[in-house]
Amino acid sequence: MTKAIWTTDNIGDQSGKTVIITGSNSGIGKETVKQLAAKGAKVIMAVRNLEKGRQAMTDIKQEVVNADIEVRQLDLSDLKSVRAFSDTIHRDMTSLDMLINNAGIMMCPKASTADGFDIQVGTNHFGHFALTALLFPLLCAAKHSRLVVVSSIAHKMAKINLDDVNWTTRKYDKNKAYFESKLANTLFAYEYVKRFSSQPNAPRLTLGHPGWTSTGLQQHVSYLPLLNKFFAQAPKDGALPTLRAATDETAVNGDFFGPANFFELRGHPVHVSASSESKNQADGERLWSISEDLTDVSFAMPTPTQVAS
Ligand SMILES: NC(=O)c1ccc[n+]([C@@H]2O[C@H](COP(=O)([O-])OP(=O)(O)OC[C@H]3O[C@@H](n4cnc5c(N)ncnc54)[C@H](OP(=O)(O)O)[C@@H]3O)[C@@H](O)[C@H]2O)c1
């Protein structure tokens, strides 16, 4: 029996839903905006560069004429910007149907975020941790809301060093710093599922990884853009695991989607597994507590009165 292949035709009507997608001016994020807008969602593109974001919106609207999209500024490497973004969302909205934590950087030279975190774990994990915690009450206020974490198969190559998560004492290794940041995404996800899956109002969390997709992500590794031409899939295919994680109605808390073929590097999106490190409860709890301490943000379930009002 041949298994059905999941495509964008499987995405149901998204009308009436409001979705925030981080890092959506390019690559997988931009494609995700296009597909969700084409199915009727209102999409807020959360981008660090407004000019690039507006250009991406214009491109998308040429293909999806009635797309309901707006662009807002968010720099995940600066907690002030994360708070300012969240403030505008709280000012303008009473609930949020979906948050897709897509933005990312990979294997860039050693640098720090505005708050002194390593640039890779700071952008890929701490920024998203703070953003998600700040928007959590709005996600809890929407029925059947969803939180999507975009990780990478690279998480499987990591063992996280929680004694030096920001690479202050270790000799910097840009590859390992990326792998650890993507493991931080999956550790966060399974710790979240442990904490909130029994809470009926908390958003369902699903994960996706895009295999190997030709985007700007590979810019810091000289040979990767060349290899992209031979091995990588196009962003429209790389976005499918995220889109499935975002819209598959049968997905449950903690479901992870990635490409089916060639060691999960390409192909249609299927259920995949996270590494055993991702489910190490002691590491998950410790990362959560470090993240709360460093970002000074924590997740609070709204009280029944807050939900009702
Ligand atoms: N492509 C792959 O093969 C691959 C494989 C595994 C996982 N992934 C994951 O897929 C996700 C999307 O990456 P992509 O491949 O689509 O790469 P991309 O085209 O480079 O997209 C990354 C996006 O993140 C944004 N971003 C970077 N730093 C940011 C910050 N401080 N604040 C807000 N936004 C920021 C970028 O904005 P600018 O344009 O302003 O830089 C860009 O829009 C990432 O989480 C990545 O780790 C990709």
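**Empty spaces and a ligand site**

The largest cavity has a volume of about 70 Å³. This value comes from a predicted model, and it is a good place to begin a tour of the spaces inside the protein. How many cavities of 30 Å³ or more are there? The count comes to 1. Rolling a probe the size of a water molecule over the atoms is what reveals empty space of this kind.

The walls of the largest cavity are made by Asn 101, Asn 124, His 125, His 128, Phe 129, Thr 132, Val 149, Val 150, Asn 185 and Phe 188. Three elements, H4, strand S5 (146-150) and H5, each contribute at least two residues to this lining. Helix H4 gives the most, with 5 residues. Sorted by class, the lining of the largest cavity holds 4 nonpolar and 6 polar residues, while charged residues are absent.

The pockets come next. The largest pocket has a volume of about 1,200 Å³. Its lining draws two or more residues from each of H1, strand S2 (42-47), helix H4 (119-141) and H5. In total, 45 residues line the largest pocket, and those nearest its centre are Gly 104, Ile 105, Met 106, Thr 215 and Leu 217. The lining of this pocket is made up of 22 nonpolar, 19 polar and 4 charged residues.

The second largest pocket has a volume of about 220 Å³. It is lined by 12 residues, with Ala 142, Lys 143, His 144, Pro 200 and Asn 201 closest to its centre. By class, the lining of the second largest pocket splits into 7 nonpolar, 3 polar and 2 charged residues.

Where does the ligand sit? It is found in the largest pocket. Around the ligand there are 29 residues, of which Arg 48, Asn 102, Tyr 178, Thr 213 and Thr 215 come nearest. Thr 215 is thus part of two pictures: it is among the residues nearest the ligand, and it is also among those nearest the centre of the largest pocket. Helix H1 (27-38) and helix H5 (174-196) each supply at least two residues of the shell around the ligand. H5 also gives at least two residues to the lining of the largest cavity. The shell around the ligand consists of 10 nonpolar, 15 polar and 4 charged residues.

Looking at single atoms brings the ligand site into focus. A backbone N or O atom of Asn 102 lies 2.7 Å from an oxygen atom of the ligand. For Gly 23, a backbone N or O atom is 3.2 Å from a ligand oxygen atom. Tyr 178 takes part through its side chain, where an N or O atom is 2.8 Å from an oxygen atom of the ligand. How much of the ligand does the protein bury? Taken alone, the ligand exposes 890 Å², and the protein buries 95% of that.

Definitions and conventions:
Residues are numbered from 1 along each chain as its sequence is written. This is a predicted model: local features need pLDDT of at least 70, side-chain atom pairs count only at pLDDT 80 or more; totals for chains, interfaces and linings use all residues. Side-chain values use heavy atoms; hydrogens and water are left out. A residue is near a molecule or strand if one of its heavy atoms lies within 4 Å of it. A polar contact is a pair of N or O atoms within 3.5 Å; within protein, one must be able to donate a hydrogen and the other to accept it, and residues adjacent in sequence count only if both atoms are side-chain atoms. Accessible areas come from the Shrake-Rupley method with a 1.4 Å probe; for residues, only the protein chains shown count as cover. On a 1 Å grid over the protein atoms alone, a cavity is a set of points where a 1.4 Å probe fits but cannot get out, and a pocket is an open set with protein on both sides within 12 Å along at least five of seven lines; lining residues have an atom within 4 Å of a point. A molecule sits in a cavity or pocket if more than half of its atoms lie within 2 Å of its grid points. Helices (H or I, at least four residues) and strands (E, at least two) are DSSP runs, numbered from the N terminus. Ala, Val, Leu, Ile, Met, Phe, Trp, Tyr, Cys and Pro count as nonpolar, Asp, Glu, Lys and Arg as charged, and the others, Gly among them, as polar. Grid points are joined across faces, edges and corners, and a volume is the space filled by probe spheres set on the points.
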